[in-house]
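Colleague: I should like to learn how to read the features of a structure that is new to me. Could we take them in turn, with the general idea before each case?

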Amino acid sequence: MTRRLPAAALLACSVAAATSFATGCNKSAPITEDAAPAPAPDPRTSGVFAPLPEHVEADAKKVALGRQLYHDTRLSGDGTLACASCHSIPDGGDDGAPTSTGIRGQLGPINSPTVLNSGFNFVQFWDGRAADLQAQAAGPVANPLEMGADWPTVVARVAADADYVAAFADAYPGGVSQESITDAIAEFERTLVTPSRFDAWLRGDDSALTDAEKAGFALFNEVGCQACHNGVNMGGATYQKMGAVQDYFAARGTPLTDADNGRFNVTNNEADRHFFKVPTLRNVALTAPYFHDAHATTLPDAVRTMAQVQLGRTLEPAQVDSIVAFLGALTGEIPDVALPVVPQAVADGSGDAPADGSGAPPADGSAAPM
């Protein structure tokens, strides 16, 4: 079932300035002349938001393999690109480009989302076509516009590396396969968690946020942003229509593309046209440009546009600045992932490794970044 909040409910939440959201809006009891308005629920106990875990349990051997594979260009058709090419961990988990560049300079059709904290998304990709991180890891490798390889060739390249073979044998009884390669990448990606000062505040540290950030968070709730951006990942838990209240694409003023169809491209259900997975707001200050089409080039632009087309609210510049101040508190501690030494693919793109297989993770998994 598609998870989404109807546009009418979103608008009602905005007008009522409700502050408690999970899968919809809670209507307050009627206020009589003698009754005072009920105080807003404490966001730290309301269940609307939850802090990121401070540690993620993971298999160290699989994480080490996944880290290596994530940075290995031999997973691409011509040996020039790795997962990290479009999802740079130090730079916020994306590539900072409107759309990513695949092999042979091909441009993709849609903005690359961040890989950071992606394990907390309920589905993967903007259109939700991958149910989990392992399914997502398989897609770009075989996409002709992205890494442009085919899985039998990739498996053969990995299996030709003696160190990889030893490490896989230690971590996976079945050895090297598409399933074990994608599982290892997914296991690594699950560790890319970025706790922030906001999480410390949610856990009770009042000093973790500045007064300006607290005011911005209060406005974030008052405007209705938390209708979609809630939970542990501040998003990533529902599909929503791009332009729930006002026609985003008409306001954008550029021709529609296939990527604009969103979830419809997966389901062929007209009711899903222009619906997208709500992106996480974690580290959002690092991941410009914004939206699936990268139309918003700055964070203030994104806040202003979302308030208008999703909630029917026109924000004053000072209000935009206030919300942006809060969003900055969602920038977390980026994992310090030491870059592995990966054998370079040969010029013809065959990806053959050096004879000694240098760079593969040790069999005992000690190279895990955790």
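Modeller: Let us begin with a definition: a salt bridge is a side-chain nitrogen of Lys or Arg within 4 Å of a carboxyl oxygen of Asp or Glu. Please keep in mind that this is a predicted model. Under that cut-off, Asp301 and Arg304 form a salt bridge, with their closest N and O atoms 3.1 Å apart.

Colleague: Where do Asp301 and Arg304 lie, and how many residues apart are they?

Modeller: The general idea comes from the helix itself. An α-helix has 3.6 residues a turn, so residues three or four places apart point the same way. In this case both Asp301 and Arg304 belong to helix α12, and they are 3 residues apart, about one turn of the helix. Asp301 is partly exposed, at 28% relative accessibility, and Arg304 is also partly exposed, at 37%.

Colleague: How many salt bridges does the structure contain?

Modeller: The count comes to 14 salt bridges. Another of them joins the side chains of Arg252 and Asp293, at 2.7 Å from N to O. Arg252 lies in helix α10 (residues 248-252) and Asp293 in the loop between β2 and α12, so this pair ties together parts that are 41 residues apart in sequence. Arg252 is buried, with a relative accessibility of 11%, whereas Asp293 is partly exposed, at 22%.

Colleague: Which residues are linked with Arg74 in a network of salt bridges?

Modeller: The network links Asp72, Arg74 and Asp161. Within this group, the side chains of Arg74 and Asp72 meet at 2.8 Å, N to O, and both Arg74 and Asp72 are buried.

Colleague: Let us turn to cysteines. How many disulfides are there?

Modeller: In general, a disulfide is a covalent bond between the sulfur atoms of two cysteines. The test applied here asks for sulfur atoms within 2.5 Å, and the count comes to 0 disulfides.

Colleague: Why is Cys83 not bonded to Cys86?

Modeller: The sulfur of Cys86 is the closest cysteine sulfur to that of Cys83, but the two are 9.0 Å apart, which is too far for a bond. Cys83 is buried, at 13% relative accessibility. A similar reading applies to Cys225, whose closest cysteine sulfur, in Cys228, is 9.0 Å away and therefore too far for a bond. Cys225 is buried as well, at 16% relative accessibility.

Colleague: How should I read a single helix, for example α9?

Modeller: One may compare its span with the expected rise of 1.5 Å a residue. Helix α9 runs over residues 211-223, 13 residues in number, and reaches 18 Å from its first C-alpha to its last, close to the 18 Å expected. Its buried residues are Glu213, Gly216, Phe217, Leu219, Phe220, Asn221 and Val223. After α9 comes Gly224, which has a positive phi near 115 degrees.

Colleague: Which residues are closest to the centre of the largest pocket?

Modeller: For a pocket, one reads the volume and then the lining. The largest pocket has a volume of about 750 Å³. Its lining has 39 residues, and those closest to the centre are Ile110, Phe125, Arg129, Pro140 and Glu146. Two or more lining residues come from each of α3 (83-86), α4 (133-142), α7 (178-190) and β2 (275-277). Helix α4 gives the largest share, 4 residues. By kind, the lining divides into 18 nonpolar, 15 polar and 6 charged residues.

Colleague: What of a cavity?

Modeller: The distinction is that a probe of 1.4 Å fits in a cavity but cannot get out, whereas a pocket is open. There is 1 cavity of 30 Å³ or more in this structure, and the largest cavity holds about 750 Å³ of space. Of its 41 lining residues, His229, Pro279, Leu281, Phe291 and Met306 are the closest to its centre. At least two lining residues come from each of β1 (239-241), β2, α12 and α13 (317-328), and the largest share, 7 residues, belongs to α12. The lining comprises 25 nonpolar, 12 polar and 4 charged residues.

Colleague: Is Asp94 buried or exposed?

Modeller: Asp94, in the loop between α3 and α4, is buried, with a relative accessible area of 3%. Sequence and space may also be read together: Asp94 and Ala288 are 194 residues apart in sequence, and their C-alpha atoms are 9.1 Å apart.

Note on methods
Residues numbered from 1 in each chain as written. Predicted model: local features only at pLDDT ≥ 70, side-chain atom pairs only at ≥ 80, totals over all residues. Heavy atoms only, no water. 1 Å grid on protein atoms, 1.4 Å probe; cavity = no way out; pocket = protein on both sides within 12 Å on 5 of 7 lines; lining within 4 Å. Points joined across faces, edges and corners; volume = space filled by probe spheres on them. Nonpolar A, V, L, I, M, F, W, Y, C, P; charged D, E, K, R; others polar. Expected span 1.5 Å × (residues − 1). Buried < 20%, exposed > 50% of the residue type's maximum accessible area, 1.4 Å probe, protein only.
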